[in-house]
Structure formats: structure tokens, C-alpha cells
Amino acid sequence: MQGQELLKFRSSAHVRKAWYPFQITASLGHMSQAVKQRKPMSNNASLIESLKQFAHYGAEVQEQRHGSLAATNVPPTPETSTLGPRVEHLSAAADGPLKSTISNQLKLPEWFVHELLCFGAVHWCPVPPALSPMRAASMDSEHVAHLSARRQAAVSIHGKQAEQCQPKRVTQDIAINKHAFIRVHVHPKRFPAVYTVDWQECVIYRGADYVVVHKPAGVQVAPTVDNLLENVLFCTAQALQCAESLLITHRLDACTEGLLVVGRNRPFVQHFNRLLQQPGAVRKFYKALTQHPPPTGKLTHHKTQEQVKGQPAHSQVHDSPVPGSQCCLLEVLDVSPVQVVHAVAAEWGPVAYEALLELHTGRTHQIRVQLGAEGFPLYGDTMYANMAHSMSPKVGKPQQHVKTTVKVCDV
């Protein structure tokens, strides 16, 4: 990087557009005239072209997409968000094509299985992974013996090297072996926000080594285990017609809106990662909305990661170091009152406070954790609001309001 470059936060109001039923954004192309028949794709068709073609269905077909079949609607429909997760684990009954195997064993239409493949919602490996002791203990002995016999049959042919037993994402129909392990995410987690912006306009800077993109709230930076398409890396690469995939250099929470630097080659990613390790080389600024004004100055806490079975991982905050804790340091630079409307005003009244923050360490959920621990939860943050319940009981429910900027300094 040459010289000092300040990448200022740019309001997304001018790039956010409403989605209309007859079009989708630059990341997924433009829907042409709807057709009622689904046609097979050529072998060299791209994932996105394949998905687009399978999204071109007429009114008669659209009316039939209920239940699980609505899971791959482009864009997501209200029904999609109510489906809930559904993950199926299969053992192939015979040698044959992956798509027809899934279709037959789960009783799903092949066109729908094709869409799941396009989404990256299918994983497989030739040899079933070994049963964990905990899972085996929850099954009857006959079932355990049956699964073990299938695994041994696959091992005798393919071996038990790690790469044979580790499920990998597959995005097209392939030939698979009998007893192969297949994991199907029938209801992929969807991110409707990717359809609300023009991804070409979200690109702030495009260089030979990296791209700076304005990430909208509600979108993951990288692919998830069940969704390869609705994320910043994929949508930006499609908008720029990149020949190769873009690479992660740092992350923002899905709920966070702001600037993201993504790499175009591995040497740059390595260089940027080294910069992140050098104090002051990369400065990260955020804006957060709170009901009450947090005091300016530095905040220091010590965070541990907690995991309770059946619940999402979350952070615990300590005033002093404890075994396994990470130091969290941020600085509140400025706090200003702002007029709010709609849902925010309904929860908090007409005035809230926008805090300008600088992160000095980069920990998971750091801003949410630290401000929550100080009694100033972010609007929309339900995970860490309990930390501040006694001090600030009114907590909003919609998207958390966080924005970020990045400043890269001379090194």
C-alpha cells in the first residue's frame, strides 16, 4: 500500500435499492422472461448461471414451491424464513449419481436437489466419518453395528485416510460409491439483504491486489456451510466479474454494516494480515447506536468464550484477567445525540446516541460485549443485552446498528 489512505464510511442510502419481483441484483444477474420448463445445464455452466436458469420458473411452478421446496427461492420469500433448519445425513444405498441418490432417498425433486447443489448445501465423502462415542451411546447396538459395517465396507475400498472421511462441499452432480456419506442442508440459511443492494455500487475501491467493498448489514462475509452464494465474497466477485475467488483478510459480523477489505491474491492477504498484527498500522473505526450516551475514553475488559450445550457460543466479561481470557480494548472517541424514527423511536423515544469508536483489539463480538458490559447495549443486540439489563432495560429487537471504517497507515 502506498501512502496514507483513509477509507471513509459511506452511507449506503444511495446504493440500497428495493427488490422487485422481475429482477435481481448484479450479484445474481437479471431475470429474463420466465419459463415453465426446467432444462439441464451444460457441464461447463457456472454455478450462478445454473442457479439463474433454475430460478426462471413460471407462475404455475412458483405456486407449487411450498414447504422445503421454498428453501431455495431466489430471492428468499417470507415462507423461507419460517422453515427452520433441516439437515439430513445419508448413506448411499448404491453406486450412482449424487443428485438422483439424494432425490430418491429424501423423496425430493431432482430440480430442487440441483438447486441445493448450486447453493453449496451438499457435502459428501467416500467413507462415512467414524461415530463419536457420544453419538454411539445414544443409539441402540444394532444400529451402531449396521453403521459400523457400512463404514468398514467403504474403508476396504477407499481406505481410511483423513481426506476420504472428511465431508467436502460439492456443487455439481458426480458419481458416488455405495455407502458414501452425504450431508444435505435441505433448508439453507438465507441472507435476503444481498438482494437489496447494487453490488457494483458497493465497491468503493478496486485495485490489482485488493478490493474495498461497503458491506450491507445482514450479510455474511464468507460462505456458510450451507450457502455458497449469498455472501460478500461471492456477490462482489460476481459484480466485478472476477476470474478468481476473492479472499478474506478480516471479518465483520453479519449484522454489521461497513467497509471491508478483501484480497485478490494470497501475497496481499499475507501482507494485510501482518499489518493487522502491527500496532497502529491498521485503524478500525465504528459507529454504534445506544439508548444512553456511553462515556468517552478507553474501555478495558477481559473476555472468555463460553459454550453451553444446545445454545450458541457467547462471551463472558471479567474486570480482570482470568485463565483463558482475552484482553479487549476499545476507545469511545465521541458521542452525539441523533434523532431516530420508526422502530427505534418506538423502543427508545425520539433521541438516541451515536458513538464513534476505535477498536484497539479485534475480538469476537467485542463492541457488543464491552458496551453491553458497561450498560449501553447496541440497538438490536439481544445476545448481550442481559449484561446491561439492570442499567438499561429497554433493548431493541431489529438489526444491530454498527458501522465501520478502516484506516491504513504508513508502515
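**View 1. Glu 358 and Arg 283 meet side chain to side chain in a salt bridge, 2.7 Å from N to O.** Salt bridge here means a side-chain nitrogen of Lys or Arg within 4 Å of a carboxyl oxygen of Asp or Glu. Glu 358 sits in strand S16 and Arg 283 in strand S12, so this pair ties together parts that are 75 residues apart in sequence. Glu 358 is buried at 5% relative accessible area, while Arg 283 is partly exposed at 27%. (Buried is under 20% relative accessible area, exposed is over 50%, and partly exposed is in between, using a 1.4 Å probe and protein chains only.)

A word on what you're looking at: this is a predicted model, where local features need pLDDT of at least 70 and side-chain atom pairs count only at pLDDT 80 or more, while totals for chains, interfaces and linings use all residues. Residues are numbered from 1 along each chain as its sequence is written, and side-chain values use heavy atoms, with hydrogens and water left out.

**View 2. Strands S12 (residues 282–290) and S16 (residues 351–359) run antiparallel, paired over 7 bridges.** Strands (E, at least two residues) and helices (H or I, at least four) are DSSP runs, numbered from the N terminus, and two strands pair if DSSP finds at least two bridges between them. One bridge to look for joins Lys 284 to Leu 359 in S16. S12 is mostly covered, with 7 of its 9 residues buried.

**View 3. Leu 330 is in strand S15 (residues 326–339).** Leu 330 counts as buried, at 0% relative accessibility. Beyond four places in sequence, Leu 330 touches a set of residues that includes Leu 299, Leu 357, His 360 and Ile 367; contact means heavy atoms within 4.5 Å. The C-alpha atoms of Leu 330 and Thr 361 are 7.0 Å apart, though the two residues are 31 places apart along the chain.

**View 4. The largest nonpolar core has 60 residues.** A nonpolar core is a set of buried Ala, Val, Leu, Ile, Met, Phe, Trp, Tyr and Cys residues joined through side-chain atoms within 4.5 Å. Ile 102, Val 122, Ile 182, Val 184, Trp 199 and Leu 357 touch the most other members. Helix H9 (residues 232–240) gives the most to this core, with 7 residues. There's also a second, separate core of 9 residues, with Val 212, Leu 259, Val 261 and Ala 281 among them.

**View 5. Helix H9 is mostly covered, with 8 of its 9 residues buried.** Among the buried ones are Leu 233, Phe 234 and Cys 235. At the N-terminal end, Asn 231 acts as the cap, with a side-chain oxygen 3.2 Å from the backbone nitrogen of Leu 233. After H9 comes Gln 241, which has a positive phi near 55°.

**View 6. Just ahead of H9, Glu 230 forms a salt bridge with Arg 190, with the closest N and O atoms 2.6 Å apart.** Glu 230 lies in the loop between strand S9 (210–215) and H9, and Arg 190 in the loop between strand S7 (181–185) and helix H8 (199–202), so the pair ties together parts that are 40 residues apart in sequence. Glu 230 is buried at 2% relative accessible area, and Arg 190 is buried at 10%.

**View 7. Arg 368 and Asp 381 meet in a salt bridge, 3.3 Å from N to O.** Arg 368 is in helix H12 (residues 366–373) and Asp 381 in the loop between H12 and strand S17 (402–408). Both residues are buried. Shared partners join Asp 253, Arg 368 and Asp 381 into one salt-bridge network.

Technical notes:
A polar contact is a pair of N or O atoms within 3.5 Å; within protein, one must be able to donate a hydrogen and the other to accept it, and residues adjacent in sequence count only if both atoms are side-chain atoms.
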